[in-house]
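What follows is a guided reading of a single protein chain, to be taken with the structure open alongside the text. The route goes from a local strand pairing to the sheet and the helices.

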Amino acid sequence: MLDGRRRRRAEAGEGATVRLLTAVRELDDDLREGLTGRGPGQAARRLRRLLGAETVLLADLAGPVATAGPAPEEPGAGGLLAQAYEHGSPVHRPPWSAVPLLVAGELTGGLLVRGGAEPEVTAVAALVARSLDHAALRRARERIAQAELRTLRAQISPHFLHNALAVIGARIRTDPDRARALLSDFADYLRYSFSPQGDYATVAEELQAIQTYLELQRARFDDRMELTVRMAPEILPVAIPFLVIQPIVENAVRHGLEPKPGPGAIQVSGFGEGPLCVIEVEDDGVGMTPEVAEAVLAGERPADPGHPLGEPRRRVGLANVDQRLRTVYGAEYGLVIETAPGSGTKVVIRVPRFRRGVVAH
């Protein structure tokens, strides 16, 4: 009988722990956008239930943003927040408690509660501040990803643009029909690369841009470049960061095939691997040493006198893509490069098929 009571108490404790952890996760979801939108209202209601309080008020530095329960009417109740802001610490005046919300050491807002136990109010305010900190980090990562995309767009290779126009110009007299088709491809490529769409595109959209790019490159190589594109239908609607495949293909052309004498081949393939979308870009070009591959992902290429690419120079395309993938999906989802001198190069993208917030518009 005693063992039964102990077991029930242990089960009750486990249940309370699960409920608390669930509340913490849901609070993070409520405050994903910080103290804006509908989230703070849901958070205030959730905190009121968690504390068993009569009233919970969330405020930013401009004033209240959400209230759950009867609005404060007692004289001086609102002044508690001002005191908490001034002192940077909790202020308790039963039945009210006010706690400042500090994010990265900076005052962001406050929590005002009627009827909650003081230690619990202080602990819950720390959870709110943690969720707001997570929201600020997410916004910072998004700003970084957007800045990196703007950087990549600004670095659309002048080398490629010059060569594409030169090829089109050379064929205007000898093969005007091909020149018109190439000019149309060139316009489509530029339209997509500089389109005002959001941060994400479908694999199908990226694939179309790659095909127009590769057609222009084939013409420049006098059709000596063999192209193979294979994409499993199930990954075509998957949303991925905008302009992540094209820089890899460009790298394969410029640094894999251009230094190689004779014909060359590029294969772009994609398939599902459980919950993951896998995209591979492989060339049979000159390849590189592991040290050079590591430096490429860091945005640099070290001096390598024996390498056909010559002297070191800044190479940011693959580094930019690698960083944006890690920013969006996490550190484990960066690029993987498989290569060796004289053996070509394979670059692999492996990302989740579905990720909250990753939606093509």
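**From a hairpin to a sheet and its helices**

In strand β2, the bridge partner of L57 is T67. The model in which this pairing is seen is a predicted one, and the pairing belongs to a set of five bridges that join β1 (residues 55-60) to β2 (residues 63-68), the two strands running antiparallel. The connection between β1 and β2 is a hairpin through two residues, and A62 is found in this loop. A62 is exposed, with a relative accessible area of 79%, a value that qualifies because the exposed class begins over 50%. A62 can also be placed relative to a residue further along the chain: T108 is 46 residues away from A62 in sequence, while the C-alpha atoms of the two are 9.8 Å apart in space.

Seen as a whole, the protein chain has 10 helices and 12 strands. Of its 361 residues, 46% count as buried. Among the contacts between residues at least 6 apart in sequence, 63% join residues that are at least 24 apart.

The next element to consider is a sheet. As a general point, the strands of a sheet pair through backbone hydrogen bonds, in either a parallel or an antiparallel sense. Here, five strands make up an open sheet with mixed pairing, in the order β7-β9-β10-β12-β11. Its edge strands are β7 (225-231) and β11 (336-339), each of which pairs on one side only, and neighbouring strands of the sheet are turned against each other by 10 degrees on average, with direction ignored.

Beginning at the β7 edge, seven bridges join β7 to β9 (residues 264-273), and these two strands run parallel; within this pairing, R230 stands opposite S269 in β9. Further into the sheet, β10 (residues 276-283) is joined to β12 by eight bridges, with the two strands running antiparallel, and V278 stands opposite R350 in β12. On the other side of the order, β11 and β12 pair over four bridges, again in the antiparallel sense, with T339 having T345 in β12 as its bridge partner. β11 and β12 form a hairpin with five residues between them, and in that turn G342 has a positive phi of about 80 degrees.

How enclosed is β12 by the rest of the structure? Seven of the eight residues of β12 are buried, so this strand is largely enclosed by the rest of the structure. K346 lies in this strand, which covers residues 345-352, and K346 is buried, with a relative accessible area of 19%; it falls in this class because buried means under 20%. Leaving aside neighbours within four places in sequence, K346 is in contact with E280, V281, E282, V336, I337 and E338.

The helices give a second view of the packing, and α7 is a useful reference here. Helix α6 (residues 176-193) and helix α7 (residues 203-220) pack with their axes 9 Å apart, at an angle of about 140 degrees, which makes α6 oblique to α7. The crossing of these two helices, α6 and α7, is left-handed. On the α6 side, R178, L182, D185, F186, D188, Y189 and Y192 take part, and they meet E205, E206, A209, T212, Y213, E215, L216 and A219 in α7. By class, the residues of this contact of α6 with α7 divide into eight nonpolar, one polar and six charged.

Helix α7 also packs with helix α8 (residues 246-257): the axes of α7 and α8 come within 10 Å and cross at roughly 20 degrees, which makes α7 roughly parallel to α8. The crossing of α7 and α8 is right-handed. In this contact, E206, I210, Y213, L214, Q217 and R220 of α7 meet Q246, V249, E250 and V253 of α8, and the residues concerned comprise five nonpolar, two polar and three charged. E206 and Y213 of α7 are listed in the contact with α6 and are listed again in the contact with α8.

Conventions. Residues are numbered from 1 along each chain as its sequence is written. This is a predicted model: local features need pLDDT of at least 70, side-chain atom pairs count only at pLDDT 80 or more; totals for chains, interfaces and linings use all residues. Side-chain values use heavy atoms; hydrogens and water are left out. Buried means under 20% relative accessible area, exposed over 50%, partly exposed in between (1.4 Å probe, protein chains only). Contact means heavy atoms within 4.5 Å. Axes are lines fitted to C-alpha atoms, for helices over the stretch in contact, and angles run from 0 to 180 degrees between N-to-C directions. Angles under 35 degrees count as roughly parallel, over 145 as roughly antiparallel, 65 to 115 as roughly perpendicular and the rest as oblique. A crossing is left-handed if the near helix is turned anticlockwise from the far one by less than a right angle, and right-handed if clockwise. Ala, Val, Leu, Ile, Met, Phe, Trp, Tyr, Cys and Pro count as nonpolar, Asp, Glu, Lys and Arg as charged, and the others, Gly among them, as polar. Two strands pair if DSSP finds at least two bridges between them.
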